[in-house]
Amino acid sequence: MSFSIELHFDEKSNLIIRNMWKKLRERGISAYMDQYGGFPHIALAVFDDIDILEMERLIEKVAENESMFTVKMLSLGIFPSNENVLFLSPAASAALINLHAKLHRTLKDIEGKWEYYLPDFWVPHCTLGMNIPKSKLHDALDAIVEDYKPLDVRIETIQLVEFNPVKLVKSFKLYSHGE
């Protein structure tokens with residue numbers, strides 16, 4: 001099994017992003033995100049295998065003093081590969097970059113981290129579609145762009161997730177200034 005540490009969003013943002021997933025599925029472009037059982041997210045780290053209890057302890061240490069924050073999804077991007085991934089790209093806010101760096105400092109001794117999520121390699125993103133045939137990449141962009149508006153996404157939790165299949169291991173709520 002593999003595991004990821006993910007930032008999860010407010011319900012309004014989840015609904016908007018899930019509607020994008022649904023549109024890509026209904027148009028025969030990519031059904032992966034709409035059917036895989038996960039939630040819209042930004043992954044901070046991914047691992048092949050972990051000690052779950054140790055990982056929970058480390059994530060809790062990172063999350064305990066972190067407050068909810070908003071990221072602006074301002075653009076779209078593509079990771080051209082065998083999987084051809086279409087994604088929303090958040091603006092690289094100080095809150096997002098600092099949380100990612102803090103997490104990786106805390107996880108410095110953990111083995112098996114996927115390189116693409118390490119500092120200096122990480123491209124923050126929220127996946128909209130995967131396994132998109134090259135011949136449908138333009139259709140995927142057209143489908144999302146036709147009614148796309150920049151989106152303010154509130155980051156509410158850090159979650160430890162096992163995949164595939166997707167299973168929530170533990171959720172850590174970030175504190176709200178109103179609480």
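**Exercise 1. A residue in a loop**

Where does Asp120 lie? Find its place, then decide whether Asp120 is buried or exposed.

*Solution.* Keep in mind that you are working with a predicted model.

Step 1: Follow the chain to the loop between H4 and strand S5 (126-129); Asp120 lies there.

Step 2: Look at the backbone. Phi of Asp120 is near 80°, which is a positive value in a residue other than glycine. For comparison, most residues other than glycine have a negative phi.

Step 3: Check the surface. The relative accessible area of Asp120 is 84%. Exposed means over 50%, so Asp120 is exposed.

**Exercise 2. Another positive phi**

Describe the backbone and the surroundings of Asn84.

*Solution.* Step 1: Asn84 is not a glycine, yet its phi is positive, at about 35°.

Step 2: Place the residue. Asn84 sits in the loop between strand S3 (69-79) and strand S4 (85-90).

Step 3: Is Asn84 buried or exposed? Its relative accessible area is 9%. The cut-off for buried is under 20%, so Asn84 is buried.

**Exercise 3. A strand and its neighbours**

Work out how strand S1 (residues 2-9) is surrounded, and which strands pair with S1.

*Solution.* Step 1: Sort the side chains by direction. Ser2, Ser4, Glu6 and His8 point one way from S1, while Phe3, Ile5, Leu7 and Phe9 point the other way. Residues on both sides are buried.

Step 2: Draw the conclusion. Because eight of the eight residues of S1 are buried, this strand is largely enclosed by the rest of the structure.

Step 3: Find the partners. S1 pairs with S6 in the antiparallel sense, over eight bridges. In this pairing, Phe9 has Ile155 of S6 as its bridge partner. S1 also pairs with strand S2 (residues 41-47), again in the antiparallel sense, over six bridges. Here, Phe3 has Phe47 of S2 as its bridge partner.

Step 4: Zoom in on one residue. His8 belongs to S1 and has a relative accessible area of 6%, so His8 is buried. Which residues does His8 touch? Leaving aside residues up to four places away in sequence, His8 touches Phe39, Pro40, His41, Arg154, Ile155, Glu156, Thr157, Gln159 and Val161.

**Exercise 4. A hairpin with cis bonds**

Describe the connection between S6 and S7, and look for cis peptide bonds there.

*Solution.* Step 1: Start with the strands. S6 (residues 151-163) and S7 (residues 167-173) run antiparallel and are joined by six bridges. Glu162 stands opposite Lys167 in S7.

Step 2: Look at the turn. A hairpin joins S6 to S7 through three residues. Asn164 is in this loop, and so is Pro165.

Step 3: Read the omega values. Phe163 and Asn164 are joined by a cis peptide bond, with omega about -25°. The peptide bond from Asn164 to Pro165 is cis as well, with omega near 5°. Remember that most peptide bonds are trans.

**Exercise 5. Helices that cross**

Classify the packing of H1 with H5 and of H3 with H4.

*Solution.* Step 1: Take the first pair. Helix H1 (residues 11-26) and helix H5 (residues 137-145) pack at an angle of about 135°, with axes 10 Å apart. Roughly antiparallel would need an angle over 145 degrees, and roughly perpendicular one of 65 to 115. That makes H1 oblique to H5. Their crossing is right-handed.

Step 2: Name the residues in contact. H1 contributes Met20, Lys23 and Leu24, and H5 contributes Ala140, Ala143 and Ile144. By class, five are nonpolar, none is polar and one is charged.

Step 3: Repeat for the second pair. The axes of helix H3 (residues 52-63) and helix H4 (residues 94-106) come within 10 Å and cross at roughly 140°. H3 and H4 are therefore oblique to each other. The crossing of H3 and H4 is right-handed.

Step 4: Sort this contact too. Leu58, Lys61 and Val62 of H3 meet Leu99, Lys102, Leu103 and Thr106 of H4. This contact of H3 with H4 has four nonpolar residues, one polar and two charged.

Conventions:
Residues numbered from 1 in each chain as written. Predicted model: local features only at pLDDT ≥ 70, side-chain atom pairs only at ≥ 80, totals over all residues. Heavy atoms only, no water. Axes fitted to C-alpha atoms, helices over the stretch in contact; angles between N-to-C directions. Helix = DSSP H or I, 4+ residues; strand = E, 2+ residues; numbered from the N terminus. Parallel < 35°, antiparallel > 145°, perpendicular 65-115°, else oblique. Left-handed = near helix turned anticlockwise from the far one by under 90°. Contact = heavy atoms within 4.5 Å. Nonpolar A, V, L, I, M, F, W, Y, C, P; charged D, E, K, R; others polar. Pairing = 2+ DSSP bridges. Buried < 20%, exposed > 50% of the residue type's maximum accessible area, 1.4 Å probe, protein only.
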